Amino acid sequence: MSLSLRHWLTEHNLDIPHISQFSSGQIAGLAFRIVQDMELKSLSIFDICPLVEVLEMPLGAVVLEISVFAQLTQNLVTAFSQKKSLKRNEGTWLAFQIAYLRALHQVLSQEKKLHRPWIDRMTISDRLISRPLPDAQLQALLKTLRPGKLTDTQAEQALSVVADSLLVQQMNNASVAWLLANSAEEAEAKASVQRLVNGLAGHLLAAIAENAPAFAQLQKFFRLGNSLLPNYTSNASAAGDKIDLYRELYRASLIQSYSEPIFIESFALKDIYVFSKGLPTEKGSQEMAKTSQSVDLMTWAQQQLSDLETVALIESEAGYGKSSFCQIWAGIVAQEVYPNWMPILINLAEVTPGDTLEETLNSGFRGNFHIHLAEWLELSHPRCLLLLDGLDELPPSSMGKRAKAIFIQQLLDFQSKRQHKVFLTSRLSILPEIARELRSQFNQIIIERWEQDELRQWFQQWAKVQSLPIAQNFFTFLKQAGIFSKKPEFQQLSALVRQPLMLYLLGILHRDELLDDEMLQLAAKAQYRGDASLLWEIYYRLSKWLLGYPQAEGIKTVQMNWGLSHIHRTQEAIANLLQGYHPEELLEIMQDTALQILHSGRSQISWIDELGILPTFYFKLTEKPRNFSNRQSPIAYSLSFAHSKLGDYFCAKAIILGLKRLVERTTNAYGEQTFVLDSRSEIALHLYKLLGYGVLSSEIEALVVEGLRRSNKREFSFEVLCQRLLPFWYTYCQGHWLDEGIGHQALTYFQVLQNPVGIEQVNAAVGLNVFLLLFSSHQEAKKEFLPCGHPASLTEFNSEALMWLIGRTSILGKNTLISRIRSKSFSFINLSGVHLEDVMLAGADFRQVNLSHAELVGANLAAANFQDANLAGANLSKANLNHANLMGADLRGANLTGVNLESVNLTNACLFQAMLTDADRQMALSKGAIFSSEQFQIIKSLLSQQYLLNGSNTTGDTVAWTHSNLLEKGIIESVEGELVLPEDPYEDYGDDATVTSDQ
């Protein structure tokens, strides 16, 4: 015999969903009445099973009842324990009922937010949903749970191993059957239940902590109670053994987060996570030792816990798993290491800078609705493990990078107290940009790309969450393309596969037949065009996969199955996502939202409501930590990208749209074609609002150029864009737009978005970003870019323009401009006559660039490539040219006084009338330099002829002309002692046919 809570409530004319509106006292009274009735009928605790009462009904009937049953069961625990102390098996039965119901409610809420088709399919008539499900298999499984049977041994097993216990397996089997009966597909159902189990221990911990006296015998299994603290003595009074409920609930929330689905999948991060390896450096070391060995990231992190003097720093580029590691490790520490360490996970993107470190961290502390974080940091036990994720996402301040430097110093000061432990994550270049001198005060580890062991583990996990055939086919595709070889043909694609995020995204594309041979062809082209072309294609195909648009392939003629095991997203899933919008409309909304985030200057923006139409795959909504001193404050949200790499794509698309606006034409009343933005002031305001937010990241810049390159040639050309941007640029260099008040108009727009930039920062950002776009656009258009104007025009030429821009952009960061252009090719950039004194351009690529009469006094040009560059009349006095390549460069009349030529490659460089000492002249001769203008012209002509000959005949590798040219001996004999021909004068160009055709 058993008691049905549903029938009991119905008999007493109580509507279950309305019970949620009862006060806590009313629900407690309700539970007391139920216990009295059970005593009269001689029923035991095992005669009630709230989980069964939920699972026997359709989803539509119980979706509002699950939380009510959980709350009622919790009050039954109190009522039972007031009668008599609960036995361990009785307490276990009730605790698992409460926890499982809560975990089920959490997963169903997640599924609803993701607009799962099976959830919508259960929206049916009231007549049907009021009846129990007729599924025979489900009913058979429910009978194993009601009436309940749980021995003390089984209870101990359930408490010890939770997910692998017989009790949980019974509950899981029933839950899977229930989801199937509610039209979920089998793969979806099993994945959802697995997510539920991932966070079940957290819900158990919360349930036991909230009912600690009743569940006294269960506490030790979840590391509750002061008996686990180091200073605890057995003589301490049991009455004095207290539990910090808020701390336990926060600890429980870290474990419960294991149930969160990854992007829009049915599985969670925990189901697919693989620990990475990294290269460590010790405190005091500025660079990574060459002898450093890769270590397991988790092992390294655990070892760092014994060092209470130094902040631990985890670095990598985006997509390598820094945030994932923090989430996984926080849960592990909460479940297995507490109370030796109390994990506190804070996303630095969510903090608001305060006067003290404690105030800053508390503003982003998810548990601060109940308590101020400073109260925990003042305690000696348990010690806090502060996992501070995302130094690069720390919100901007009007103080600029100085605010971040202050934050870092506060962290170092806090760690020096040796009371708690700080772990910080960051992108690689961030800390040196903020405070290079502080870098040596951290113990650092740089996460490495995945190698064979990590890839093997990932494919094993992929087979579990997808299927073995899907995983095998994906692996085979990559292997046959040579992606896993030591010298892969597709190097960019091979590098992406070894990054956790990109491997997952590529897995999605392959699963749904969007990673194919065409992608491999694009990967081959990416060898010469950079990562952006390959990344753009990946992001474009992901968008196409998610939205089913554009559907160039047409409609499938074969019926596809639902769920994870089939290929292609169903029309039903896509319709749920679009919610009546056309895909183009949704894409526009996503681009507008991305631009808001970008223009805010921070990683997230305030949001007043739910996500709405925005896809969870790209955007993440987070409830902001609430002010613990004002618990009545309304719930506020913040909106961010699900991952910054996915956000880069939509930010790039939004900027592309803004740039296309510049070249957009319209027809006036007279039938003439004019630009939509026709006046100079309109263009200026448009550019200030589009690009004045801050520094355009190199990732977004590359995607912008790639997106423009793919644009319809009838609608866009780089040549026209250059023509539209150049007049703005030249007037900008004269300070015209700042004087006109354009910058202040844009500043008002950014202030509305809470971007703390000032007018000087806006002005500097516009100049920098426009210069970068002009730099790349002229190369794409194959047109010469004169950033300082034409040297022949005294009225237009401004030789100081670049020096002025370098100085202006210093407000955005040290060497901001130089660090961005140093790695670029300067082809099609004319720097004749420019002033670049004392600039840092080490390693820059100046091949074939016109630098005639340039002022480069004291410039750091170490390891720069000046092959075939025009440096005639340039002033290089006191410049650093160590290991620079000047092969074939024209240095006629150049000033080389004070330059150390010992390590410089001067092969075929012309030093006719160059200013240098006799000793330097002899050294240059020994290095193959030419001191005759006529001889230089002869050899340049011959090299050019041979270059054209090879360019027109070669189909494979470039053939070194010195091995086949019949004129070789005559040339050498006529200028013996002064001309030295390299073995292969064009070896730097490699196989790039594009380079050959461009010359």
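Helices (H or I, at least four residues) and strands (E, at least two) are DSSP runs, numbered from the N terminus. The model is predicted: local features need pLDDT of at least 70, side-chain atom pairs count only at pLDDT 80 or more, and totals for chains, interfaces and linings use all residues. Residues are numbered from 1 along each chain as its sequence is written, and side-chain values use heavy atoms, with hydrogens and water left out.

**View A. Helix α36 and the residue just after it.** Helix α36 covers residues 759–781. At 1.5 Å a residue, its 23 residues should span 33 Å (the expected span is 1.5 Å times one less than the number of residues), and the 32 Å between its end C-alpha atoms agrees with this. Of the 23 residues, 20 are buried, so α36 is largely enclosed by the rest of the structure. Buried means under 20% relative accessible area, exposed over 50%, and partly exposed in between (1.4 Å probe, protein chains only). K782, just after α36, has a positive phi of about 55 degrees.

**View B. Strand β6 between its pairing partners β3 and β5.** Two strands pair if DSSP finds at least two bridges between them. Strand β3 (residues 311–315) pairs with β6 in the parallel sense over 4 bridges, and I314 stands opposite T425 in β6. Strand β5 (residues 383–389) also runs parallel to β6, joined by 4 bridges; here L387 stands opposite F423. In a regular strand the side chains alternate between the two faces of the sheet. In β6, K421, F423 and T425 point one way, while V422, L424 and S426 point the other way. With 6 of its 6 residues buried, β6 (residues 421–426) is largely enclosed by the rest of the structure.

**View C. The crossing of helices α27 and α30.** The axes of α27 (residues 531–547) and α30 (residues 644–663) come within 10 Å and cross at roughly 95 degrees. Axes are lines fitted to C-alpha atoms, for helices over the stretch in contact, and angles run from 0 to 180 degrees between N-to-C directions. The crossing angle makes α27 roughly perpendicular to α30 (65 to 115 degrees). W536, Y539, Y540 and L542 of α27 meet K645, L646, Y649, K653 and I656 of α30; contact means heavy atoms within 4.5 Å. These residues divide into 7 nonpolar (Ala, Val, Leu, Ile, Met, Phe, Trp, Tyr, Cys and Pro), no polar and 2 charged (Asp, Glu, Lys and Arg).

**View D. The surroundings of W607.** W607 lies in strand β8 (residues 604–607). Leaving aside neighbours within four places in sequence, W607 is in contact with T593, L614, L621, A636, Y637, S638 and L639.

Definitions and conventions. Parallel < 35°, antiparallel > 145°, perpendicular 65-115°, else oblique.
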